[in-house]
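Okay, thanks for making time this morning. Let me get the model up on the screen, and then I'll talk you through the parts I picked out.

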Amino acid sequence: MRCHIQMAAKGIEPLWKNEELKESLEKYLDLRRFGQTASWETSYDEALSRFAKGEAYVFLQGNWAYSAIKKQNPDIRIAFIPFPSEEEKDPNIVVKLDASIGISSSCKYLQQAYTFLNYLLSEEVMQYYTENTGSYSCIKGGNGDISFAKRFVDKIEKKEFIFETVSIPESGRNVRDQGLFQLVISQYDDRMIQDFLMEFNEAIEMRKDEILESIDRGNMK
């Protein structure tokens with residue numbers, strides 16, 4: 001399944017015509033109504049700390065927050081669930097590369113570099129990495145205890161996920177982030193959501209060559 005940005009950049013389906021994307025955005029905005037007032041005034045570190053202390057029941061974050069939360073409260077019991085989702089339907093899982101490692105073509109010590117990479121990508125090191133970062137390893141046998149994200153792991157191991165290789169240019173990210181912020185702080189309606197997606201789609205179209213190039217690079221990895 002292709003991601004929404006990729007389809008927009010290729011001219012297959014503009015963002016503002018993508019019903020799945022609009023529904024997801026509406027659910028995200030609706031959920032925020034039940035959350036903290038003026039949450040944008042809380043820094044990322046403060047939000048992590050307060051959640052770790054048990055001051056909130058739900059935290060809209062990704063797996064990258066897991067290690068920081070557990071570090072502050074090792075005894076906390078948390079579970080990551082896919083969102084948004086529909087009743088009686090399996091939600092989509094989006095996967096992106098967390099980190100990649102390469103050897104320079106001008107490296108003078110290739111054998112030593114390969115030795116280090118073999119160690120770095122060993123099962124033992126990968127298990128330590130996944131348990132401490134909350135990430136999923138593509139190295140066979142390289143996953144430690146990531147039971148907190150069982151619903152994600154199950155989908156990934158069944159290969160039921162979207163592999164996203166899109167890199168959105170800064171100008172596009174700015175349009176996205178500023179538009180989302182305006183929706184969050186306002187009494188939004190369907191027209192405002194439509195206008196936001198049209199503006200974001202225009203930003204994608206303006207940099208579509210750069211976006212599609214990033215997709216091609218990602219598919220080569």
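Start with Asp195, which counts as partly exposed at 36% relative accessibility. Bear in mind that this is a predicted model. The partner of Asp195 is Arg191: the two form a salt bridge, and their closest N and O atoms sit 2.8 Å apart. Where are these two in the chain? Both belong to helix α9, residues 190-206, and being four residues apart there, Arg191 and Asp195 are separated by about one helical turn. In general, side chains of opposite charge can pair when their charged atoms come close.

While we're on salt bridges, there is also a network: Glu46, Arg50 and Glu55 are joined into one by salt bridges that share partners. Take the pair of Glu55 and Arg50, whose closest N and O atoms are 2.9 Å apart. Buried or exposed, or something in between? Glu55 is partly exposed, with a relative accessible area of 48%, and Arg50 also falls in the partly exposed class, at 34%.

Next, a pair in helix α2, residues 19-32. Lys22 and Glu19 make a salt bridge through their side chains, 3.0 Å from N to O. They are three residues apart in α2, so about one helical turn separates them. Now look at how covered each partner is. Lys22 is buried, with a relative accessible area of 14%, and that label applies because the cut-off for buried is under 20%. Glu19, on the other hand, is partly exposed at 45%. So how many salt bridges does the structure hold? The count is nine, and I've only shown you some of them.

Let's stay with α2 for a second and see how it packs. Two packed helices are described by the angle between their axes and the distance between the axes. For α2 and helix α8, residues 170-185, the angle is about 45° and the axes are 10 Å apart. What do we call that arrangement? The two helices are oblique to each other, because 45° lies outside the ranges for roughly parallel, perpendicular or antiparallel. The crossing of α2 and α8 is right-handed.

Over to the surface. There's a nonpolar patch made of Leu31, Phe34, Tyr57, Val58, Leu60 and Phe83, and together they have about 740 Å² of accessible area. Pick out Leu60 from that group: you'll find it in the loop between α3 (44-52) and α4 (66-72). Leu60 is partly exposed, at 38% relative accessible area.

Last topic, backbone angles. Most residues other than glycine have a negative phi. Which residues go the other way here? Ala38 is one of them, with phi near 55°, a positive value in a residue that isn't glycine. Ala38 sits in the loop between α2 and α3, and at 18% relative accessibility it counts as buried.

Lys159 is another: it isn't a glycine either, and its phi is positive, about 60°. Look for Lys159 in the loop between α7 (150-157) and β2 (162-163). Lys159 is exposed, with a relative accessible area of 71%. So we have a positive phi in a buried alanine and in an exposed lysine, each placed in a loop.

That's what I had. Shall we go to questions?

Notes. Residues numbered from 1 in each chain as written. Predicted model: local features only at pLDDT ≥ 70, side-chain atom pairs only at ≥ 80, totals over all residues. Heavy atoms only, no water. Salt bridge = Lys/Arg side-chain N within 4 Å of Asp/Glu carboxyl O. Buried < 20%, exposed > 50% of the residue type's maximum accessible area, 1.4 Å probe, protein only. Patch = residues over 30% accessible without salt bridge, like charges linked within 9 Å, V, L, I, M, F, W, Y side chains within 5 Å. Areas by Shrake-Rupley, 256 points an atom, 1.4 Å probe, with all protein chains shown as cover. Axes fitted to C-alpha atoms, helices over the stretch in contact; angles between N-to-C directions. Parallel < 35°, antiparallel > 145°, perpendicular 65-115°, else oblique. Left-handed = near helix turned anticlockwise from the far one by under 90°.
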